[in-house]
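User: Could you walk me through this structure with me? I'd like to start with a sheet and then move on to the chain contact.

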Amino acid sequence: MGKLLRYKKDAFPIMNEHSHYDEIFERMEELEAKGEILIHRITEENQPVEVLTRTGRIKLIPTNKLWHHKSCGQCGNIPGYPASVFWLMNKFGLDYLNEPHQTSCTAWNYHGSGTSNPVALAAVWLRNMHQAWQNGYYPLIHCGTSFGSYKETRELLIMNKDLRDAVRKILAKLGRLTDDGRIVVPQEIVHYSEWVHAMRYKIKELYEKEGKPKGIDVSNIKVAIHNACHTYKMIADDYPYDPEVFNGQRPAASTAVMQALGAKVVDYSTWYDCCGFGFRHILTEREFTRSFAIQRKLKVIAEEIGADVIITHDTGCTTTFEKNQWIGKAHNMYHPVAVMSDVMFSALACGAHPFKVVQLYWNCSNYESLLEKMGIKNWRELKKEWEDAVKYIGELEKEGRYDELMEFFKEYDLYEPYSRTGNGKPRASATSNRPLFSS
Amino acid sequence: MDGHKYGYNLPISDKTKSVPWEEKKRIVEEVKADFRFKEYLFGCLNCGVCTASCPSNRFFDYSPREIVQRFLEEDVEVLYDMMHEYIWACSQCFTCWIRCPFVNNPGGLVAIMREVAVRNAFEATKDLLKPYGRVLLKVMTTGNQLSADMLQPDFFPDWGPKMQDNMENLRAKRMAIPFDVGKSVKTAWEVSLETAMEMYTIWRETGIFDMLEKIDPNLFNVIMDIVEENEERYEELYEEED
């Protein structure tokens, strides 16, 4: 540790050994030596996997003992997204911590409204990173915007003493420095899609072991990949590329796991375009968001490749493509297609329940024909199973039959312990003693 | 002069014309004084790659190349004018940044300009951010930017009929989410009170609450009521423990 790992020159078509960004890692070592920061190192316990980036730097992706830095858009709107991450981690027997002592990155708000500043963004980031370090778990960032914002904030922090000094004062007030007054900075900032990328061959093994025996087959599924802008355009040098994925000319994450599963990844002409989310736009300039999503992506994907599914790796893109299809009917531009993240598709392929785990019920787009084509022919029964479960949970809670509710959860695909409030009600969290809102 | 001979097509607004030159200069200098400015602006070939690949350029009168060029030209009048509405068209996707041969970051420049526009409480900015108030309320008070209860079908009729189904019996559906911390309705995940306290400290120490007060005093009052209520509750719990 401490030295930049590089791969052979002839291994990669896009080479730039003079990447400005790579200097960050050398500067981090210097700052640690001076006692300004403490680098939260990836250790053997994290079972790191090496992935390639486009500058020749090898990035270490920790795969175990991870602290889940959740995404508010995913948890609030696409709950099957994080649920699929947890489900796969449980399947692999990995250790992780999913707790309530975490804020959002607040970068969606910053990019949408400008109502923050670099010191606040850095303080929020470093407070969350300290929480992970304090608990002995390595942070895994679920949201693409959090990942992009944190990468950029790290560059600004490492290169700028004024920012470090400003944020150190705030972290001191919060009790978020080390005992000897240092700022905790993770060795690598890691997105969940990088974890999926690093785990792709294990996911393939699970698909063959548990998905295929259930009749699931993804070899006929035509996939369009949409890479999220904030994962690979913000601090572009710090995201996986691989010579085996489009000859190194597209980001490797998401595409590589689809290829490992044997799905048909098909290229299309507007692969580089954003989704139209726009942060502020999806809420307050919706004509733009839906026009862009339909005309530059959904229509192009339908006409050029007729994909069965658009695979994403971020919150906003999934929401944008998923929610802005139906309205196309108003202009005879309806191009229905399933939309889900790489990890949701991976979980489905490995046999996860489409509704109890992958929570497709929340989707507005047409996922039904995709499930049929994947060989999940009994999706109607599975959906009914979930609907009955929701109805039953509602009744039990309404009648205050909490003991039965807890028993039911035990049968109901439960893989994390739940605690109860003072009156016996199951809590939203097992680990928070003081929720901001009561459950 | 209306507009700019080098390509800024929009006429300079009467409002901008009426503002004293010194004030316009002060605002532009505030943008240039940001420590990120020198990291985001280098040379410019005027090649237009940024604008050609800009999603906002396809639907708005907006060009990242213009942002870069106006700064290089030090065109105070146009830059000041852009800071009222023009910059809010940017999607913040940073396609311009990855594409630029000079590694300019027009999206980053826009982020600084927006921040300065908010800090100086421009009227146009106040109007633009009004519909965004729900997100500000949520993020400032809970640390989450989005939660399940914000997605009422009435607000999103264009998302189709499945939205109506999704939001029925919401509490039970959230209870059926199979991972810890994720069952909450008012927040994306259950945020602990201690965490919210830390976040309020960050907002105070970094001037975010002050910024909000200037841009939307009514929203600020609502936010502070919730913040103070939570702080009191935290104090009470703290005292109980002692």
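Analyst: In chain A, 4 strands make up an open sheet with parallel pairing, in the order β9-β8-β10-β11, where strands are DSSP runs of E of at least two residues, helices are runs of H or I of at least four, both numbered from the N terminus, and two strands pair if DSSP finds at least two bridges between them. This is a predicted model, in which local features need pLDDT of at least 70 and side-chain atom pairs count only at pLDDT 80 or more, while totals for chains, interfaces and linings use all residues. Residues are numbered from 1 along each chain as its sequence is written, and chains are lettered from A and ligands numbered from 1 in the order in which they are written.

User: Which are the edge strands?

Analyst: They are β9 (264-265) and β11 (338-341) of chain A, each pairing on one side only.

User: And how many bridges join β8 to β9(A)?

Analyst: Strand β8 (residues 222-225) of chain A runs parallel to β9(A) and is joined to it by 2 bridges; V223(A) has V265(A) as its bridge partner in β9(A).

User: Changing topic, how many residues does the contact take from each chain?

Analyst: Chain A gives 85 residues and chain B gives 73 residues, with contact meaning that C-beta atoms, placed from the backbone, lie within 7 Å.

User: Which element supplies the largest share on the side of chain A?

Analyst: That is α5(A), with 6 residues of the side that touches chain B.

Technical notes. Contact = placed C-beta atoms within 7 Å.
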